[in-house]
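Me: Hey, can you walk me through this protein? I've got the structure open and don't know where to start looking.

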Amino acid sequence: MTTTVDVAGRTIEISHGDKVLYPGEGYTKRDVVEYFRSVADAMVPHTRGRPLTMRRFPDGVEADGFFQKEAADYFPDWLRVVSVPQRGASGAVHHAVVDDAATLLYLANLGCLEFHIGLSLVDDLDRPVVAVVDLDPPAGERIAELRAAVRSVCARFRDAGLTPHVQTTGSKGFHVVAPLAGRRGFDDVRAAVRELADHAVHDEPERFTTEQRKDKRGDRIFLDTNRNAYGQTMIAPYSLRARPGAPAATPIDPAELGRVEPGTYGLANMARRLAQKPDPWAGLARSGT
(Lines give C-alpha, C1' and ligand atoms only; values in the text may rest on other atoms or scores of the structure.)
Protein backbone atom coordinates (compact mmCIF):
# COMPACT_ATOMS: atom_id res chain seq x y z
CA MET A 1 0.00 0.00 0.00
CA THR A 2 1.25 3.46 -0.93
CA THR A 3 0.46 6.64 0.95
CA THR A 4 1.69 10.18 0.40
CA VAL A 5 3.29 12.93 2.44
CA ASP A 6 3.19 16.58 1.41
CA VAL A 7 6.35 18.47 2.28
CA ALA A 8 8.14 21.53 0.93
CA GLY A 9 5.65 21.85 -1.90
CA ARG A 10 6.13 18.28 -3.10
CA THR A 11 4.18 15.08 -2.65
CA ILE A 12 6.34 12.16 -1.57
CA GLU A 13 5.02 8.64 -2.01
CA ILE A 14 5.60 6.33 0.94
CA SER A 15 5.54 2.70 -0.15
CA HIS A 16 4.98 -0.18 2.28
CA GLY A 17 4.74 2.17 5.21
CA ASP A 18 3.91 -0.70 7.57
CA LYS A 19 7.18 -2.50 6.87
CA VAL A 20 9.05 -2.89 10.16
CA LEU A 21 12.58 -1.45 9.98
CA TYR A 22 13.48 -1.65 13.67
CA PRO A 23 12.09 -5.03 14.79
CA GLY A 24 13.16 -4.68 18.41
CA GLU A 25 10.97 -1.61 18.86
CA GLY A 26 8.44 -2.28 16.12
CA TYR A 27 9.26 0.99 14.33
CA THR A 28 7.99 0.99 10.77
CA LYS A 29 9.03 2.84 7.66
CA ARG A 30 6.18 5.25 8.31
CA ASP A 31 7.66 5.94 11.76
CA VAL A 32 11.05 6.59 10.17
CA VAL A 33 9.65 8.96 7.57
CA GLU A 34 7.69 10.82 10.24
CA TYR A 35 10.87 11.08 12.33
CA PHE A 36 12.77 12.71 9.50
CA ARG A 37 9.87 15.04 8.81
CA SER A 38 9.91 16.09 12.48
CA VAL A 39 13.66 16.88 12.44
CA ALA A 40 13.92 18.33 8.92
CA ASP A 41 14.03 21.97 9.99
CA ALA A 42 17.02 21.27 12.24
CA MET A 43 18.73 18.66 10.06
CA VAL A 44 18.60 20.10 6.54
CA PRO A 45 20.76 23.18 7.31
CA HIS A 46 23.56 20.70 8.14
CA THR A 47 23.12 18.56 5.01
CA ARG A 48 22.43 21.35 2.52
CA GLY A 49 25.13 21.67 -0.11
CA ARG A 50 27.07 18.62 1.15
CA PRO A 51 27.60 15.43 -0.91
CA LEU A 52 25.66 12.56 0.64
CA THR A 53 26.55 8.94 1.21
CA MET A 54 23.51 6.87 2.06
CA ARG A 55 23.37 3.81 4.27
CA ARG A 56 20.20 1.99 3.31
CA PHE A 57 18.31 -0.78 5.09
CA PRO A 58 15.26 -1.47 2.91
CA ASP A 59 14.55 -4.70 4.78
CA GLY A 60 15.26 -3.35 8.26
CA VAL A 61 18.25 -3.15 10.56
CA GLU A 62 18.42 -6.88 11.18
CA ALA A 63 19.00 -7.53 7.48
CA ASP A 64 22.09 -6.59 5.51
CA GLY A 65 22.22 -2.91 4.68
CA PHE A 66 24.51 -1.22 2.20
CA PHE A 67 26.28 2.05 1.55
CA GLN A 68 25.33 3.93 -1.60
CA LYS A 69 27.24 6.89 -2.99
CA GLU A 70 26.11 6.87 -6.61
CA ALA A 71 22.66 8.40 -7.12
CA ALA A 72 20.23 6.02 -8.79
CA ASP A 73 18.97 6.77 -12.28
CA TYR A 74 15.39 6.56 -11.03
CA PHE A 75 15.77 9.49 -8.63
CA PRO A 76 13.35 12.27 -9.58
CA ASP A 77 14.59 15.19 -11.69
CA TRP A 78 13.98 17.66 -8.87
CA LEU A 79 16.39 15.86 -6.51
CA ARG A 80 19.79 17.56 -6.70
CA VAL A 81 22.68 15.36 -7.85
CA VAL A 82 26.27 16.60 -8.13
CA SER A 83 29.37 15.15 -9.75
CA VAL A 84 32.28 14.65 -7.34
CA PRO A 85 35.67 13.83 -8.92
CA GLN A 86 37.55 10.90 -7.43
CA ARG A 87 41.09 11.39 -6.21
CA GLY A 88 43.55 8.88 -7.54
CA ALA A 89 41.04 7.43 -9.99
CA SER A 90 39.34 8.43 -13.19
CA GLY A 91 35.73 9.46 -13.35
CA ALA A 92 33.39 10.88 -10.75
CA VAL A 93 30.72 9.81 -8.29
CA HIS A 94 27.28 11.37 -8.61
CA HIS A 95 26.09 12.14 -5.10
CA ALA A 96 22.63 13.14 -3.99
CA VAL A 97 22.45 16.36 -1.95
CA VAL A 98 19.84 16.84 0.77
CA ASP A 99 18.97 20.47 0.17
CA ASP A 100 15.38 20.25 1.41
CA ALA A 101 12.90 18.23 3.42
CA ALA A 102 11.41 16.62 0.31
CA THR A 103 14.76 15.03 -0.57
CA LEU A 104 15.19 13.88 3.02
CA LEU A 105 11.83 12.12 3.04
CA TYR A 106 12.22 10.70 -0.46
CA LEU A 107 15.46 8.98 0.58
CA ALA A 108 13.98 7.85 3.91
CA ASN A 109 11.29 6.08 1.91
CA LEU A 110 14.08 4.15 0.16
CA GLY A 111 15.20 2.81 3.53
CA CYS A 112 18.00 5.31 4.03
CA LEU A 113 18.38 5.38 7.81
CA GLU A 114 21.86 6.87 8.00
CA PHE A 115 22.80 10.08 6.21
CA HIS A 116 26.58 10.54 5.99
CA ILE A 117 27.73 13.93 4.70
CA GLY A 118 30.96 15.19 3.22
CA LEU A 119 33.06 17.73 5.10
CA SER A 120 33.12 20.21 2.21
CA LEU A 121 30.46 21.94 0.17
CA VAL A 122 29.77 20.88 -3.40
CA ASP A 123 30.62 24.42 -4.51
CA ASP A 124 34.22 23.97 -3.29
CA LEU A 125 34.93 20.29 -2.84
CA ASP A 126 38.64 20.70 -2.03
CA ARG A 127 38.23 22.85 1.10
CA PRO A 128 36.44 21.44 4.17
CA VAL A 129 34.07 23.61 6.16
CA VAL A 130 34.37 21.49 9.31
CA ALA A 131 37.10 19.58 11.12
CA VAL A 132 36.14 16.54 13.16
CA VAL A 133 37.60 14.17 15.71
CA ASP A 134 35.61 11.00 16.34
CA LEU A 135 36.12 9.64 19.85
CA ASP A 136 35.68 5.89 19.58
CA PRO A 137 35.79 4.22 23.01
CA PRO A 138 36.76 0.62 23.72
CA ALA A 139 34.13 -1.86 24.82
CA GLY A 140 33.14 -1.32 28.42
CA GLU A 141 34.43 2.24 28.66
CA ARG A 142 32.76 4.05 31.55
CA ILE A 143 30.65 7.00 30.41
CA ALA A 144 32.30 9.30 32.96
CA GLU A 145 35.70 8.60 31.41
CA LEU A 146 34.34 9.15 27.91
CA ARG A 147 32.85 12.51 28.91
CA ALA A 148 36.16 13.56 30.45
CA ALA A 149 37.89 12.64 27.21
CA VAL A 150 35.45 14.76 25.21
CA ARG A 151 36.14 17.73 27.48
CA SER A 152 39.88 17.22 27.02
CA VAL A 153 39.59 17.20 23.22
CA CYS A 154 37.36 20.28 23.31
CA ALA A 155 40.03 22.11 25.33
CA ARG A 156 42.62 21.17 22.73
CA PHE A 157 40.40 22.53 19.97
CA ARG A 158 40.11 25.82 21.83
CA ASP A 159 43.88 25.95 22.37
CA ALA A 160 44.28 25.55 18.60
CA GLY A 161 41.98 28.52 17.97
CA LEU A 162 39.00 26.38 17.00
CA THR A 163 35.48 26.46 18.41
CA PRO A 164 34.45 22.94 19.46
CA HIS A 165 30.93 21.63 19.02
CA VAL A 166 29.89 18.22 20.37
CA GLN A 167 27.40 15.69 19.12
CA THR A 168 26.52 12.22 20.28
CA THR A 169 27.05 9.83 17.40
CA GLY A 170 24.08 7.63 18.13
CA SER A 171 26.63 4.81 18.10
CA LYS A 172 29.43 4.31 20.64
CA GLY A 173 31.05 7.70 21.06
CA PHE A 174 31.02 11.42 20.43
CA HIS A 175 32.17 13.75 17.69
CA VAL A 176 34.01 16.98 18.42
CA VAL A 177 33.51 19.26 15.42
CA ALA A 178 34.83 22.74 14.63
CA PRO A 179 33.52 24.97 11.84
CA LEU A 180 36.06 26.21 9.32
CA ALA A 181 35.99 29.14 6.94
CA GLY A 182 36.90 26.95 3.97
CA ARG A 183 40.26 28.58 3.30
CA ARG A 184 42.50 25.50 3.68
CA GLY A 185 42.58 22.28 1.71
CA PHE A 186 41.87 18.82 3.05
CA ASP A 187 45.53 17.83 3.34
CA ASP A 188 46.35 20.84 5.51
CA VAL A 189 43.30 20.40 7.72
CA ARG A 190 43.84 16.69 8.15
CA ALA A 191 47.49 17.25 9.12
CA ALA A 192 46.53 19.90 11.67
CA VAL A 193 43.85 17.72 13.26
CA ARG A 194 46.20 14.74 13.33
CA GLU A 195 48.82 16.87 15.06
CA LEU A 196 46.24 17.87 17.67
CA ALA A 197 45.40 14.19 18.23
CA ASP A 198 49.07 13.22 18.41
CA HIS A 199 49.65 15.83 21.12
CA ALA A 200 46.68 14.40 23.04
CA VAL A 201 48.21 10.92 22.84
CA HIS A 202 51.61 12.27 23.95
CA ASP A 203 50.13 14.10 26.93
CA GLU A 204 47.61 11.42 27.94
CA PRO A 205 48.97 8.10 26.65
CA GLU A 206 46.87 6.02 29.02
CA ARG A 207 43.66 7.66 27.78
CA PHE A 208 44.09 8.19 24.03
CA THR A 209 45.43 6.41 20.97
CA THR A 210 45.58 7.06 17.23
CA GLU A 211 46.43 3.43 16.50
CA GLN A 212 44.48 2.21 13.47
CA ARG A 213 44.54 -1.46 14.43
CA LYS A 214 41.94 -2.30 17.04
CA ASP A 215 44.08 -5.04 18.55
CA LYS A 216 46.73 -2.45 19.42
CA ARG A 217 44.46 0.12 21.06
CA GLY A 218 44.03 -1.71 24.33
CA ASP A 219 41.56 0.04 26.62
CA ARG A 220 42.26 3.51 25.22
CA ILE A 221 39.92 5.83 23.36
CA PHE A 222 40.67 5.99 19.64
CA LEU A 223 40.93 9.52 18.26
CA ASP A 224 39.85 9.04 14.66
CA THR A 225 41.07 11.89 12.46
CA ASN A 226 40.75 10.04 9.16
CA ARG A 227 37.40 11.65 8.42
CA ASN A 228 39.26 14.86 7.59
CA ALA A 229 40.38 13.51 4.21
CA TYR A 230 38.94 14.27 0.79
CA GLY A 231 35.92 12.08 0.09
CA GLN A 232 35.39 11.04 3.70
CA THR A 233 32.19 11.64 5.65
CA MET A 234 30.68 12.12 9.09
CA ILE A 235 27.23 11.17 10.31
CA ALA A 236 24.83 14.05 9.76
CA PRO A 237 23.32 15.73 12.81
CA TYR A 238 19.90 14.22 13.57
CA SER A 239 20.46 11.21 11.31
CA LEU A 240 19.16 7.93 12.68
CA ARG A 241 21.55 5.05 13.19
CA ALA A 242 20.90 1.46 12.20
CA ARG A 243 21.20 0.22 15.76
CA PRO A 244 18.76 -1.20 18.30
CA GLY A 245 16.57 1.50 19.80
CA ALA A 246 16.79 3.75 16.71
CA PRO A 247 19.23 6.26 18.25
CA ALA A 248 20.30 9.37 16.37
CA ALA A 249 23.33 11.62 16.13
CA THR A 250 22.50 14.61 18.32
CA PRO A 251 24.18 17.99 18.69
CA ILE A 252 24.43 18.98 22.35
CA ASP A 253 25.53 22.08 24.20
CA PRO A 254 28.35 21.96 26.78
CA ALA A 255 26.03 21.89 29.77
CA GLU A 256 24.38 18.70 28.52
CA LEU A 257 27.52 16.60 28.26
CA GLY A 258 27.35 15.57 31.89
CA ARG A 259 23.98 13.87 31.48
CA VAL A 260 23.81 12.43 27.97
CA GLU A 261 25.20 9.25 26.47
CA PRO A 262 25.92 8.45 22.81
CA GLY A 263 22.50 6.89 22.31
CA THR A 264 20.35 9.06 24.58
CA TYR A 265 18.25 10.60 21.80
CA GLY A 266 16.59 9.10 18.77
CA LEU A 267 13.34 8.27 17.10
CA ALA A 268 11.46 7.90 20.38
CA ASN A 269 12.28 11.30 21.87
CA MET A 270 13.96 13.63 19.36
CA ALA A 271 10.81 15.47 18.33
CA ARG A 272 10.11 16.26 21.97
CA ARG A 273 13.69 17.44 22.45
CA LEU A 274 13.54 19.81 19.48
CA ALA A 275 10.19 21.15 20.63
CA GLN A 276 11.82 22.14 23.91
CA LYS A 277 15.34 23.06 22.81
CA PRO A 278 16.61 24.74 19.64
CA ASP A 279 19.38 23.07 17.67
CA PRO A 280 22.65 23.75 19.57
CA TRP A 281 24.48 23.77 16.23
CA ALA A 282 22.22 26.33 14.56
CA GLY A 283 24.42 28.82 12.76
CA LEU A 284 27.48 26.57 12.90
CA ALA A 285 28.11 26.99 9.18
CA ARG A 286 28.42 30.76 9.63
CA SER A 287 30.96 30.62 12.47
CA GLY A 288 33.99 29.05 10.80
CA THR A 289 37.53 30.22 11.50
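Reply: Sure, here is a chat about its core, its pocket and a few residues.

Reply: One thing up front: this is a predicted model.

Me: Okay, noted. How many residues are in the largest nonpolar core?

Reply: It has 87 residues. The ones with the most contacts inside that core are Phe36, Phe75, Leu107, Phe115 and Leu135.

Me: And which helix gives the largest share of this core?

Reply: That's helix α1, residues 29-47, with 9 residues.

Me: Let's pick Leu135. Where is it, and is it buried or exposed?

Reply: Leu135 sits in strand β12. Its relative accessible area is 0%, so it counts as buried.

Me: What does Leu135 touch, skipping residues up to four places away in sequence?

Reply: Quite a list: Ala149, Val150, Val153, Gly173, Phe174, Val176, Phe208, Ile221, Phe222 and Leu223.

Me: How far is Leu135 from Met234?

Reply: Going C-alpha to C-alpha, Leu135 and Met234 are 12 Å apart in space, with their positions 99 residues apart in sequence.

Me: Switching topic: pockets. What's the volume of the largest one?

Reply: About 530 Å³. Its lining is made of 23 residues.

Me: Which of those lie nearest the centre?

Reply: His116, Asp134, Ser171, Arg227 and Arg241.

Me: Which strands supply at least two residues of the lining each?

Reply: β5 (52-56), β9 (112-118), β12 (130-136) and β17 (233-235) each do that. β12 gives the most, with 3 residues. You've met β12 already, since Leu135 is in that strand.

Me: How do the lining residues divide into nonpolar, polar and charged?

Reply: There are 3 nonpolar, 9 polar and 11 charged residues in the lining.

Me: Tell me about Arg241, then. Where is it found?

Reply: Arg241 is in the loop between β17 and β18, and β18 covers 250-252.

Me: Why does Arg241 count as buried?

Reply: Because its relative accessibility is 12%, and the cut-off for buried is under 20%.

Me: What does the side chain of Arg241 reach?

Reply: It reaches the backbone oxygen of Thr169, at 2.7 Å. Setting aside neighbours within four places in sequence, Arg241 also has contacts that include Tyr22, Glu114, His116, Gly170 and Ser171. Looking back at the pocket, His116 and Ser171 are among the lining residues nearest its centre.

Me: What else is in that loop between β17 and β18?

Reply: Among the residues there are Pro237, Tyr238 and Ala246. Ala246 is in contact with Arg241, too.

Me: What's phi for Tyr238 and Ala246?

Reply: Tyr238 has a phi near 75 degrees, which is positive in a residue other than glycine. Ala246 has a positive phi as well, near 55 degrees. For background, most residues other than glycine have a negative phi.

Me: Are those two buried or exposed?

Reply: Tyr238 is buried, with a relative accessible area of 0%. Ala246 is at 0% relative accessibility, so it counts as buried.

Me: And Pro237, buried or exposed?

Reply: Pro237 is buried, at a relative accessible area of 2%. Not counting neighbours within four places in sequence, Pro237 is in contact with Met43, His46, Ile117, Gln167, Ala249, Pro251 and Trp281.

Me: Now something partly exposed. Where is Arg207?

Reply: Arg207 is in the loop between α4 (186-203) and β15 (208-209). It counts as partly exposed because its relative accessible area is 23%.

Me: What does the side chain of Arg207 make a polar contact with?

Reply: With the side chain of Glu204, at 2.8 Å. Beyond neighbours within four places in sequence, Arg207 is in contact with Glu145, Ala148, Ala149, Ser152, Arg220 and Ile221. Ala149 and Ile221 are also on the list of residues that Leu135 touches.

Me: How far is Arg207 from His16?

Reply: They are 47 Å apart in space, C-alpha to C-alpha, and 191 residues apart in sequence.

Me: Last one: where's Glu34, and is it buried or partly exposed?

Reply: Glu34 is in helix α1, and at 38% relative accessibility it counts as partly exposed. The C-alpha atoms of Glu34 and Ile14 are separated by 11 Å, and the two are 20 residues apart along the chain.

Definitions and conventions: Residues numbered from 1 in each chain as written. Predicted model: local features only at pLDDT ≥ 70, side-chain atom pairs only at ≥ 80, totals over all residues. Heavy atoms only, no water. Core = buried A, V, L, I, M, F, W, Y, C linked by side-chain atoms within 4.5 Å. Buried < 20%, exposed > 50% of the residue type's maximum accessible area, 1.4 Å probe, protein only. Helix = DSSP H or I, 4+ residues; strand = E, 2+ residues; numbered from the N terminus. Contact = heavy atoms within 4.5 Å. 1 Å grid on protein atoms, 1.4 Å probe; cavity = no way out; pocket = protein on both sides within 12 Å on 5 of 7 lines; lining within 4 Å. Points joined across faces, edges and corners; volume = space filled by probe spheres on them. Nonpolar A, V, L, I, M, F, W, Y, C, P; charged D, E, K, R; others polar. Polar contact = N/O pair within 3.5 Å; in protein donor to acceptor, adjacent residues only side chain to side chain.
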